Amino acid sequence: MAGKAGDNPDSLMTLATAFCLRNLRKTMCYQGHRNNLCLRSDIFLPSEICDKLVNMYMELVHTDSNFEPEESFFQLFSDPRSTRLTRVQLREDFVRDRDLEAIRKQDLIELHLTYCNSLSARSLKTLTCFRETLVSLCLFGCSNIFYRKGGAPLACNEDTEDDEEESPASRQALVTDFNFQGFNRLRLLNLGGLLEVDAETLLKPLKSLTSLDLSGVQLLGTAFLTQWKDRLASLILYNVDLSEELVHTVVELVSLRHLDISRESRRTSKSKMSRKILTAIVQRLVNLVSLDISGHIMLDNCTVPHFEDAMGRPCIEPCKSSIYPFQDLKRPLQFLGLYDTTLCSVTHIPAHKVTGSKNEDQVLNAIEAYTEFRPELAHRAINQLFDIARIQHCSQLLRALQLVIVALKCHKYDKSIQVTGSAALFYLTNTEYRSDQSVGLRREVIQVVLNGMEQYQEVTVQRNCCLTLCNFSIPEELEFQYSRVNQLLLKILEPARQDESIQRIAVHLCNALVCQVDNHHKEAVGKMGFVKTMLNLIQKKLQDRMCDQVMEFSWSALWNITDETPDNCQMFLNCRGMGLFLECLQEFPDKQELHRNMLGLLGNVAEVKALRPQLLTPQFISVFSNLLDSKADGIEVSYNACGVLSHIMFDGPDVWSMEDPKRDTVMDKMWDAIQSWDVTSRRNINYRSFEPILRLLPQGIAPVSQHWATWALYNLVSVYPSKYCPLLIKEGGIVLLEKVLELETSQGETKDMASKVMEHCENFKEDPMEINHGQEVNHGQRG
């Protein structure tokens, strides 16, 4: 049987590393001086493990809100005698100068620093500590690393004061006296996004570069690149102006296998890509296997006539290329970047992998190629994927989902990626694609969605994330993040005036999350402020005199969260819930769904003996008594009102201290109401347990309460025998019904119904395959 998309389990190495990082003090560390983490003296870790620890630590910091960063984490790797680091990847502002200084004694081979804007010129000195071993260095987007902070000198000193760690905005003088002298082993260098560096002076000492990325760097001249013409295999000049001098220099670099002269957009392109330039590149750079010319304005003379392009099936053979210059290729390119160009739409493109916007494959290739270093392009490509998933059909679902997840993780702090990525996820996780997705993959989606909700309070991101969560089975699929998702939803609902659509979706999710879950989950959510939040929403709707889905869902959520949870019932009363109940009844006398939800909730409150005295007031009893006559929503409102009164009557006449209404009068109305109900009524209620009903059976202090309880059981086992007969038998209901028959205080009608309930259960035991086709609405836990 084939596995579902994304079904591969994590490796033991990955699981063990994550466990150690989440439990450092219980595994490899102890609490040292000033609460700093210290490595145990008997721990010696090879580079394979240390690299994994550091790189996964960074991933957890950026993608797992429950993970607590350690102030002194990098100090664990300060001594190469016990820990060996060789390949380290660090991202974002989280990384500070002192973190790099902590690992300066390590013999690093690869050091990738991406968007580390908190790093200042202090870290340049630290880099020199790695000069004898470093083979690959990336400083992409580290916009402040060539600036001193507060006029501080370059430093690589253990005693450097932490208060020099100022914000990126405090950068001052540009460092001009640093170069890569002594980095003799350096082969791969990425200075992308460092706009103001003097690349020529900086790079002059490097004799053996094979890969260079100068994306966005302002080059005063380009001739210096020819010093590596016999060695340079990869050159990336994204968003570098394509001058005549640059073209002349590039075609001199005859060892190039990968060339990227792309731009962000045709709108920013100052020059046009001509047939002559492309021909020179193809003819001179004979070793080329990868070329990116995205974002360039193409002259019309680059492509064959339309009738010729339309001939035959798409072909990647150079001789049949629709793009003239590529007919000179010796073999198809492995990669060709044509994103945001007119060339991506031609038929015959001589490349195995093409970026563009013509079809799903080109779009996915674009997301894959540009996510890490070009979020501005990835954002546009994900937007195009969104259209494909929404309007057409996504045929590479697993790849699409994984690419969007990677983009959202990689650019957690990029709002445009979060907006388009969360929108794409909504369509990629809907019912059409659901059966192909594994549990692990869907959990990854949930994680990145919650990351987005956490990071951005912006309306579009919040709406997209909430809608995406609606594609999951709730609460089952969200249970592994139960507390976190509830906290985020309650935070969304905090503002007094929230976007109506987000409010509606968030309340719906809150309601679904507290339906069909264990009581300890409900109690935990209650302590988060769930009850108060719902009542605040109800209060606002009352002020607006509006009974909409938010109002009804809020009462439904309160009905669910108070089920068998006395603490939450108490919170409801403490937060003026009864006052809001009365106001809603008065303001919205004809809203049947609202009345049912409110009475269901009050049934839960009435089941708590300690809270019933708060319901025993003339005002409340009169309201409940009047609702016995309600025909709203079938029998539901009348049934729930009678349930509330049945529990109150069960406490006996001694607690009934009011003169009006009289206890006997209310009981008579209860009898009349029960007599009027159709025992075959289908129900908008869902009982998980009969315990609150069963406790009303073996007693004589309130025969009407016993009668209501017996009628409830008779109705449920008659209409839904396959569900409720087993539940009644399991919870010992048959024994209690036998006691009803034995009690002299039991009314004849009550005994007749009790006998019929027992008979239904006996018949069900004999023929359990009997199925009643009536459909029960699973609205809440139970009333």
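This is a short dialogue on reading features of a predicted model.

Trainee: Where should I start, and which residues touch the most other members of the largest nonpolar core?

Mentor: Start with the general idea. In soluble globular proteins, nonpolar side chains tend to be buried together. In this predicted model, the largest nonpolar core has 158 residues. Trp 555, Phe 581 and Phe 624 touch the most other members. Helix H29, residues 703-719, supplies the largest share of this core, with 10 residues.

Trainee: What does Phe 581 touch, leaving out residues up to four places away in sequence?

Mentor: Its partners are Trp 555, Met 598, Leu 599, Leu 602, Val 623, Phe 624 and Leu 627. Note that Trp 555 and Phe 624 are on that list. A second, separate core also exists, with 100 residues. Among its members are Leu 90, Leu 127, Phe 183 and Leu 237.

Trainee: Now a helix. How do I check the length of H11?

Mentor: Compare expected span with actual span. Helix H11 runs over residues 375-391, which is 17 residues. At 1.5 Å a residue it should span 24 Å, and its end C-alpha atoms are 24 Å apart, so the two agree.

Trainee: Which residues of H11 are buried?

Mentor: First the general idea. An α-helix has 3.6 residues a turn, so residues three or four places apart point the same way. In H11 the buried residues are Pro 375, Leu 377, Ala 378, Ala 381, Ile 382, Leu 385, Phe 386, Ile 388 and Ala 389.

Trainee: What covers the buried residues of H11?

Mentor: The cover includes helices H10 (360-370), H12 (397-410), H13 (415-428) and H14 (431-434).

Trainee: On to burial of a charged residue type. Is Glu 92 buried or exposed?

Mentor: Read the relative accessible area. Under 20% counts as buried. Glu 92 has 12%, so it is buried. Glu 92 is in the loop between S3 and helix H4 (97-102). Leaving aside neighbours within four places in sequence, Glu 92 contacts His 62, Thr 114, Tyr 115, Cys 116, Asn 117, Cys 410 and Tyr 413.

Trainee: And Glu 68: buried or exposed?

Mentor: Exposed, with a relative accessible area of 60%. Glu 68 is in the loop between helix H3 (47-63) and strand S3 (87-91). Its C-alpha atom is separated by 48 Å from that of Thr 342, 274 residues apart along the chain.

Trainee: What about Phe 44: buried or exposed?

Mentor: Phe 44 is exposed, at 59% relative accessible area. Its place is the loop between strand S2 (37-39) and H3. Setting aside neighbours within four places in sequence, Phe 44 contacts Arg 81 and Ser 82. Phe 44 and Pro 332 are 288 residues apart in sequence and 49 Å apart in space, C-alpha to C-alpha.

Trainee: How many disulfides does the count come to?

Mentor: A disulfide is a covalent bond between the sulfur atoms of two cysteines. The test here is a sulfur pair within 2.5 Å. The count comes to zero. Take Cys 50: the nearest cysteine sulfur, that of Cys 29, is 11 Å away. Cys 50 is buried, at 0% relative accessibility. Now take Cys 761. The nearest cysteine sulfur there belongs to Cys 725, 4.0 Å away, and Cys 761 is in no disulfide. Cys 761 is also buried, at 1% relative accessibility.

Trainee: How many aromatic pairs does a search of the whole structure find?

Mentor: It finds 24. To read a pair, check the centre distance and the angle between planes. Tyr 639 and Trp 677 have ring centres 5.8 Å apart and planes at 50°, so the pair is tilted. Tyr 639 lies in helix H26 (636-649), and Trp 677 in the loop between helix H27 (663-676) and helix H28 (691-694), so the pair ties together parts 38 residues apart in sequence. Both residues are buried.

Trainee: What kind of pair do Tyr 720 and Tyr 724 form?

Mentor: An edge-to-face one, 6.2 Å centre to centre with 70° between the planes. Tyr 720 is buried at 5% relative accessibility, and Tyr 724 is buried at 0%. There is an aromatic cluster to look up as well: Tyr 57, Phe 67, Phe 73, Phe 74, Phe 77 and Phe 94.

Trainee: Which ring does Arg 275 lie over?

Mentor: The ring of Tyr 324, at 4.1 Å from the ring centre. Likewise, the charged end of Arg 443 sits over the ring of Phe 480, 4.4 Å from its centre.

Key
Residues are numbered from 1 along each chain as its sequence is written. This is a predicted model: local features need pLDDT of at least 70, side-chain atom pairs count only at pLDDT 80 or more; totals for chains, interfaces and linings use all residues. Side-chain values use heavy atoms; hydrogens and water are left out. Helices (H or I, at least four residues) and strands (E, at least two) are DSSP runs, numbered from the N terminus. Buried means under 20% relative accessible area, exposed over 50%, partly exposed in between (1.4 Å probe, protein chains only). A nonpolar core is a set of buried Ala, Val, Leu, Ile, Met, Phe, Trp, Tyr and Cys residues joined through side-chain atoms within 4.5 Å. Contact means heavy atoms within 4.5 Å. Rings of Phe, Tyr and Trp (its six-membered ring) pair if their centres lie within 6.5 Å; planes under 30 degrees apart count as stacked, over 60 as edge-to-face and the rest as tilted. A charge sits over a ring if NZ of Lys or CZ of Arg is within 6 Å of the ring centre and within 35 degrees of the ring normal. The expected span of a helix is 1.5 Å times one less than its number of residues.
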